[in-house]
Structures are given as structure tokens and as C-alpha cells.
Amino acid sequence: MAIPAGRVGGAAAADPRPTRGRSVRRALAGGATAAVLLGLLTPGTALAESGPTPGPDLRVGKAPAAPKDAVPAEAPADSTPLSLSITLDPRDPGALKNFVAAVSNPDSPQYRHYLKTGEFAQLFGADKATLDAVTRTLTEAGLHPGAPDPNGLTIPVSTTVGEARKAFDTDFSGYRLADGSTAYANTEAPKLSGRIAGQVAGVVGLNNLVKPHADHTAAKKPAVHPNGTATGKAAPLHNTGQPALCPDVRSFLSSFGAEESRDYFTGTSLANVYQKSFVNGGAGSTIALYELEDYNDAAIASYQSCFGTSTPVSRVKVNGGPTEQPTASNGVGVETALDIETVIGLVPNAEVLVYQGPDAARATTEDELAVYRRIVADNRAQVLSISWGRCELRADPAYMQSENLIFQQAAAQGQTVVAASGDSGSTGCNYGGVADNRLAVDDPASQPYVTGVGGTTVTVNASPQEKVWNSGGGGGGGGVSQRWSLDSATGYQAGLSGQGYSDACKAAAGQACRQVPDVSALADSTRGYLVANYADGDGTYWNSIGGTSGAAPLWAAVVAHANSDAQCASGGPVGFLNPLLYKLKGGSLTDVTTGTNNVPGAGNASGLYAATAGYDLATGLGTPKVDTLTRELCAALPQSPAGTFQSLTPKRLLDTREGNHPLGAYGEQVLQIAGNGGIPASGVTSVVLNVTVTAPTTDGHLTVYPSGGARPTTSNLNWTAGRTVPNLVTVPVGQDGKVRFYNGAWGGIHLIADVQGYYTSATDGAKYQASGPTRVLDTRTAAPLAAYGEQVLTSAELGAPAGTKAVVLNVTSTDSKSDGHLTVYPSGGAAPTTSNLNWTAGQTVPNQVIVPLGADGSVKLYNGSWGSTQVIADVFGFLGTGDGASFHSATPHRLMDSRLGLGTFQGSFGGREVRALNLDFGGRLSGAKAVVLNVTVTNPQGDGHLLLYPNGQNAPTTSNLNWTAGQTVANMVTVPVGQGGVVEILNGSWSNADVIVDVFGYYS
């Protein structure tokens, strides 16, 4: 049975250093992003085919300066191939900055109205006339431009040194570097035609002076653990707590005198340091790792085996990817293993995408940028972690400008970018054997749209203590950018100046230089991150690895943890983190106030920079208190609009049997909601549909979600082949007025959708009044509902208070003598040609029903079958005028999965067992009166029923789901919230069963 598990963006070009089936009767019942931009965009400047005479040719940027370790050598041959990229300015740079500021500002009405995949080029990329003109001009100059990148700002160019010399009017020099390798560089800034020079931000790839460098350090030689014994208890996903180190590896490391929390840290000990109580392990989040090397699959597998995880990790190769394979001694893959395993240890239910460019030793600057562009263009990951950097003073300005635009696109799309601030302390150029003691920071950590992550040392005695890391020849990078300043659109550091701040960037009036880092975490290699970096026939190589390249993926995991929190997940990812970080209240970060990031021997006797109370240039704002930080990050997110309910006479909106157009395997069906079936054309926040799947050819599940948003990893209906299944669905309506149905099966289905009502932002609709659960009908105590018979439930029997417009019922059909359906409708009118429940003979089927009361206050239940059936009805609340709670829709999010231990204890519910479902995520539901859930029971070992009821009450004699042994059953449940924001779940069976709970909204 396929139930989704809810995993549920002139100095040298420098070195970057280191996610009808059985005769069901026909009566089966019978972009707004653009709008957000209107106030932000201004017309751009396009290049016309004809017009005023172009200006003179211009040189763009500056020629690179050779690094101190370079000596002159033979110039490159004209035939030497070059891979370049021409970076264009955005259509309206000011509008782009303003848009990013708006979607990243909790006080803005545009907050979190992110761009969708592919929209950036349409709105901010160069227009077609500009792209065509630049391409034509480059071709005329003898170059070979390719198709523009999807971002609309990059044109790749294949050429040679000889062609580039002529086209850009520059010579090339050769150099020999300290490591013996050769390099080349253009001697002058590239000259461009006056027709296009004003549109070009820079030309990247004309030099390769500095090779990429990984930013990690190892404490000592690795300990090799023999194969075959390092095994933990593997699980489909890990949710019971932070993954724990397997005892045999722990014992093995102890034999070397290495102890956890003293000599190395794992997810468990890091969670203790950073106050992270495990909830869902990053379920639903995806992290992208930026890498310039391959990794050893066996090492990752050994780590996962030891820790009992099965986090999905996959490669995405860019420009061919790396070719050098890791070995036991060449150091390849260590950085990537550190990044991957740090993420796994902290958020094992996230997905990890490892984006790989060519090997660092041969990667060009264009290769490096191509990896960034691919991550952002794919837009599959909500978080990007970068553990490779370069000294900002040695970085090619054209390269940094290209990065900047990529990171702006990431922010516009809601992607968080975190980057290591470097391991050279306040002297960011002092690495790789080159003595350069200038005060400097690292790129890309210094980029305005990136969260720079510095380093600390952690000591655990009675409680964890942190100070600035500056030992073992390394220290957490930090200081003042000499390249970037923050203006009104990116002024999140306004009013802050770390001790030792200077106007290094020569900021314009009203601006200030960018300061680094923003935050910090463990980086000390002498007590670093436990990593399995290589495994072969001899065993697995375990080591303690440090550096800010461990702190960066730790912060990526922190953000993924927040994104998967119910409150954040209801509206999308946190996005560009810095504007939120600098608005935080006290208590969500630990302020590190001891030490400096002056690396001993680096020539800064003044001890720059010192940690102080508040923001400083050594550790930034501090280190995370993850649970508190998550609550604050998510509390800043806006609630969905409060909605009131408008009931409708049920009407069929979709029936794929008409014309025999089944929904194919893994296919999607779009349904127009706004303006359809009596629903208004505007103002609708969510719609209530009764959805039925029939004639499924294979097992599967259905997911209903708002059009224009990402498909959630939850389900609304689950079925086995040939079985007809209904369920009530409350789903937000997309900004285009539509919803989508996804068939998560490898076989086709027929799909029926009947509208029952909708929620609107208007205040004159019905509000929810919690009641019960209370049983109001059980024909098993009298006589079954006869074939084609009706049962009336009066207002008094329902217990409806004055002003009630509709009642929320859970209705169950059981012991049916033939195939059929049940229709619940207001008394006083004809039965509609729709259905609420559908069954095959003998099947037990529950479904929630929201049905308007008739003029006399009653409702009717009609048995559309030629055989009798038993019917049970339980009241779960009313919708009416007067006092009551308004509805808030939520992006579907998994709260519990007993198969994985998500939300509560791991393992199946035992017979008659009661478990508590805590709904108080970040305080969002603390005032909720009731919650709307989709509840699924699977793998039941015997017949039974499930009951959800408010904490603080005795279990009532009602039910929400009923099943027979082996059956998978899903049902929508509206249940009042009990004391402390808790709902109790009772397995009313004598046998085990697994329970999955997804939240779809709440009333408050």
C-alpha cells in the first residue's frame, strides 16, 4: 500500500574551499505571484534592433592580479580551450532587490510569496531582444555562445585563448603556482562592444589562477574499523530521536581514547549542545550540498548502517561532474562525507542532493558557477549548504557578481543559502601555504544574500560551553567585507557594528559594509564531527573532522528542521534567513562572548576579532538553540487567512468516467474551483470536496493540493486494486483558482469530486462550534437502513444549537448486503445525484460529512443500494452563526506515523492503546478549538476502529475509522482540541495497527 512516508543560488579568480470498479452505480454520486510584483517592478531597458548609435567599446571589470605564490611562466597556447560565461544585469536590478526584500520581510504583505520554478527569467532575466543582441555580438566577434541559461542572465561561451584575445582585446600571461601547477590570466579587463557593454555584469572564466580548496581539518589519522560489525538497527526513516552511534563503533573509538562530546560529536551530542528535541527529522525538507569532488558510497552506507538511518542521498552531476575517485589516502570525498553525514545525523528524514561539479583541481570558475546555477534552477532544495570558499580579496569581481545574482534568485524562490565563513580567522587569505596576513573575509559567506557561518569550540562539562574557535592552526572566519555593502534593500545589519568594524568597503552614504559571520556553530577539529569518510575491504575509516565546513551543514540542518515544523510547513520554507535572524528576540541563540578569531601566528597581535555581548565579527549573532529558534522563525510566518464556511447543495465538479478519461499512473488532474459549481470567482480560501476513487487497477494513493504549490508528501485517499474509496477533503485553493489531484499509483484510476462547500475570507459565513464526539445514530441497535431507504436525524437528535447552518458528522456504513452508496443531504429537498460513502458488499466504510441542515433543522441519510446496510453517525461539531472559531487552511503536513516513530512512540499501536498527539507546534495551535486531520490506518492485524477525542475527556463511544484485518483506511477527522493542545488517539481493536496523521487545517 503506497502511503507517502512524509519524508513524508581586479583580484585573481580565487579558490572556493570546502539536496465503475465493481459495479459502482452511476449515482456515485451521479498565479498570483505576478500580482505581487505589480507594485515592485518597473520597466526594464531592452536592446533594440535599431536605434541611437551605440557608444564606444568599453572594458568591463578589472584584470586579475597574480597571487603572491605565482611566478611568470610560458603563456597559454592560442589553442587552449576556454569555457566562459557572460553574466548580464537583471532587467531591473532595483526591482529585483526590492522583491527579495519584500518576500523576506515578515512585515511585508508580499512575505513568502516566492517565485515559482522558471519565473525568475520571465520577470527579472534579460529580455529576448537583449539576449539576441548579446549572442549576435559575441558571434560576430568570433566567439561561440550557447543557449542562454534558464535564469535569463547567463550566456555560456566556448572559445579558445586565441579567439578570446581577439574578441576581448586582451593578452594572456602564464604562471607557475606554488604547488607546481600552471595557470593563465588575461592581462587586461575584457573589452566589449558599446552595443552590449552596458548590459554585461562581467565575463567569467578568463583566468584560472587559484584552484578550489576544501575548508576542513582532521584531528588525527583515521581509525579503521573492520567491516561487518558496525551495524545499527536500520529503519525506513529515523524518527525516534537523534540517530545514535552504534555500540561497537563507540567501543572501537574508546579503545583509541576517543569519547563522544569530548573528542568528537554526533547528531545525538550536537542535539544536546544545540537544544534540539527531535520531532520529525526534517521530513519533507530537501538540502542541496555544493561539492567539487566525488564521495565514497560505501562510507555513507557504513555511516547509515551504524546510525540506523536510510536518508536518501543522490548525486546530481554538473558539467560532467568529478572523475577522481576517493581512496584511503588521497583525501577525496572527505568534505562531502562531512557535509552529508552532518545532515544525516541531525535531520535523517530530509533528502540530500549532492550537486557535483568537476574535481576541484580542474574545475574552472565557470564550472563552479554552473553548479550554483543548476541548484537554483532546479529549485528542488529549500536549503543550499556551501562548505567551499575563497578569500574575498583574491576573488574575481565578475565571478562574485555572478554569484550575487544567483543568490538573489535563490532568495526570490525561497531558498536558504548557508556558507562556511572559512578557517583562517580574521586573515581570510592566509591558507594553502601562502602567507597573507591581510584582514579579509571569505566569499561566498560575505555575499549579502548568504548566511555566513563561523566557528566555535565546544566544551561539555556540566553543560555545554562555547568560545570562538582559533586553535590548531585555524579559526572561524569573520570580519568586514571589502566588496559588499548593505543598502536599504539588504540592510538587515543596520545599526550593528562588531568590535573592530571599519569602513573596509568604502560604503556609500547611508550604507554600511557587510559583516561576517551571521551565526556560528562547532568547528574545532580537535573535537569535531565524527565522519566515516572512506570504506573498502579493510574496513571503514572514522575520523573527527572540523572546520566551518561542518558548521555550515549543521545550520542547513537547523533550517531544514524549521522548514519541516508544522507551522513553517503550512506556508512554505523560511527562505532567505538573514532578515529573520536579525529580528529575533532573545533566547533563540546562544551569545558567544569569549575568545577571538585571530589565528595564532597570523600577524594580528591586536587579537582581531573579539567575541563580545551581542553581535560580533567572530561568531556573529551566536549559535542556535534549535527548538526555540524554530518557534521564533516559524512564529514570524503569517497565518493563513481566517475563513468562514459557506455550505452548498452538493454538485459534481469532476467525473473522469464521463467520456472514459481515467487519470493515468502518476498523473495529475487540474480542477477549476473558483467560479465553478456555485463557488464564487474570488475570495475563496479553501474548498470542501467529497472525493471518490473507483476502478483502480493497482494499489495507490491520491494527493489533493492547491494548484501552483509544491505537491506535499501526504495522502488523502489510499486504496487497494479494484476497491472504491471515498473521503472528504478540505484543500486550499491555488492562487489561480484551481486544485490538483495526483494519482500516486502505477495504474490508472477513475476520479469523482463533489463540492460540499467552501471557506471564504468573508466574515458572514458559518463558524465552527466544537461538540462531542457524540453518537447520534447506530442502526445496529434497531434495524438496518433498508435498500433505497432513508433515515432522518432531527435537530434535537443532532443536538444542534440555535443558529446552526451545518453539522459535522462522521458516518460509517457496515455489514452492507450489496454494493452501494450513501448520500447525506438537507431534509426538505430531493436527494442530490452525489454520494458521501461508496462500498462493496460487506465492506466497512467511514467518511466525514459536512451537511447543511434542512429548513426544519434535520438531515437525511439515503441508502443508494438494493441491499440493506448498517449506518453509524457521530457528531463532531457544528457550523453556524454567532460565536465560533474561524478556519485556517494549512499546507498538508505529517504529524504522526507510527511506522517511523514520527510524532510519538515508534511502532504499531497496540490493541486498546491510547497515544497523545501534541498539536502545539511553535504555539501556532495553542489557541485552536479544533483541528482538521486526515487519518490513515494501515497494516491492521485484526478488525477494529480508531477514535480521536480531546485530551481531558473520557473516551466516548464513537469512532472515526473502522476497518477489517489487512485493510488500509483513510478518513478526514475534525476533532476538538483538548487540554494542552492535545488530541488522544485510541486503537479500539484488540490487535496492532499503524496510524498516520496529516494536518490540513484548524479552527481558532
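The paragraphs below lead through a predicted model, beginning with its nonpolar cores and moving on to helices, strands and disulfides.

A natural place to begin is the interior. In soluble globular proteins, nonpolar side chains tend to be buried together. In this model the largest nonpolar core has 117 residues, and those with the most contacts inside it are Leu-253, Tyr-274, Tyr-290, Tyr-372, Trp-542, Leu-554 and Trp-555. The largest share of this core is contributed by helix H12, residues 548–563, which supplies 9 residues. Trp-555, when its neighbours within four places in sequence are left aside, is in contact with a set of residues that includes Val-418, Val-453, Val-519, Leu-577, Leu-581, Leu-589 and Leu-629, and also Ser-520, Gly-622, Thr-623 and Pro-624. Apart from this core lies another, of 28 residues, among them Leu-663, Val-725, Val-729 and Val-739.

Helix H12 deserves a second look on its own account. Because 16 of its 16 residues are buried, H12 is largely enclosed by the rest of the structure. Its length can also be checked against expectation: at 1.5 Å a residue, the 16 residues of H12 should span 22 Å, and the C-alpha atoms at its ends are 23 Å apart, which agrees.

Helix H2, residues 93–103, shows how buried residues can be arranged around a helix axis. An α-helix has 3.6 residues a turn, so residues three or four places apart point the same way. In H2 the buried residues are Ala-95, Leu-96, Phe-99, Val-100, Ala-102 and Val-103. These residues cover an arc of only 160 degrees around the axis, and therefore they lie on the same side of H2.

Among the strands, S13, residues 286–291, is mostly covered, with 6 of its 6 residues buried. In a regular strand the side chains alternate between the two faces of the sheet. For S13 both faces are covered, since Thr-286, Ala-288 and Tyr-290 are buried on one side, while Ile-287, Leu-289 and Glu-291 are buried on the other. Tyr-290 has already appeared above, as one of the residues with the most contacts inside the largest nonpolar core. Strand S13 runs parallel to strand S15, residues 351–356, and 6 bridges join the two, with Thr-286 standing opposite Glu-351 in S15. S13 also pairs in the parallel sense with strand S16, residues 383–386, over 4 bridges, and here Ile-287 stands opposite Val-383.

Antiparallel pairing is found elsewhere in the model. Strand S6, residues 172–176, and strand S7 run antiparallel and are joined by 5 bridges, and Arg-176 has Thr-182 in S7 as its bridge partner. The hairpin that S6 and S7 form has 5 residues between the strands, and in this hairpin Gly-180 takes a positive phi near 95 degrees. Strand S7, residues 182–186, is mostly covered, with 4 of its 5 residues buried.

An open sheet of 4 strands, also with antiparallel pairing, has the order S4-S5-S3-S9. Strand S4 (144–145) and strand S9 (200–204) stand at its edges with a single partner strand each, so one side of each is left without a neighbour in the sheet. The pairing of S4 with strand S5, residues 154–160, is antiparallel and rests on 2 bridges, and His-144 stands opposite Ser-158 in S5.

Finally, a search of the whole structure finds 3 disulfides. A disulfide is a covalent bond between the sulfur atoms of two cysteines. One joins Cys-246 to Cys-306, with an S to S distance of 2.0 Å. This pair links distant parts of the chain, 60 residues apart, with Cys-246 in the loop between strand S11 (223–225) and helix H6 (247–254) and Cys-306 in helix H8, residues 297–307. The torsion about its S-S bond is about -100 degrees, so the disulfide of Cys-246 and Cys-306 is left-handed, and both Cys-246 and Cys-306 are buried.

Another disulfide joins Cys-391 to Cys-429, at 1.8 Å from S to S. These cysteines likewise link distant parts of the chain, 38 residues apart, Cys-391 lying in strand S17 (residues 390–391) and Cys-429 in the loop between strand S18 (416–420) and strand S19 (442–443). Cys-391 counts as buried at 0% relative accessibility, and Cys-429 is buried with a relative accessible area of 0%.

A disulfide also joins Cys-505 to Cys-513, where the S to S distance is 2.1 Å. With a torsion of about -100 degrees about the S-S bond, the disulfide of Cys-505 and Cys-513 is left-handed. Cys-505, at 15% relative accessibility, counts as buried, and Cys-513 is buried with a relative accessible area of 1%.

How values were computed
Residues are numbered from 1 along each chain as its sequence is written. This is a predicted model: local features need pLDDT of at least 70, side-chain atom pairs count only at pLDDT 80 or more; totals for chains, interfaces and linings use all residues. Side-chain values use heavy atoms; hydrogens and water are left out. A disulfide is a pair of cysteine sulfur atoms within 2.5 Å. Buried means under 20% relative accessible area, exposed over 50%, partly exposed in between (1.4 Å probe, protein chains only). A nonpolar core is a set of buried Ala, Val, Leu, Ile, Met, Phe, Trp, Tyr and Cys residues joined through side-chain atoms within 4.5 Å. Contact means heavy atoms within 4.5 Å. Two strands pair if DSSP finds at least two bridges between them. The arc is that of the directions from the helix axis to the C-beta atoms. The expected span of a helix is 1.5 Å times one less than its number of residues.
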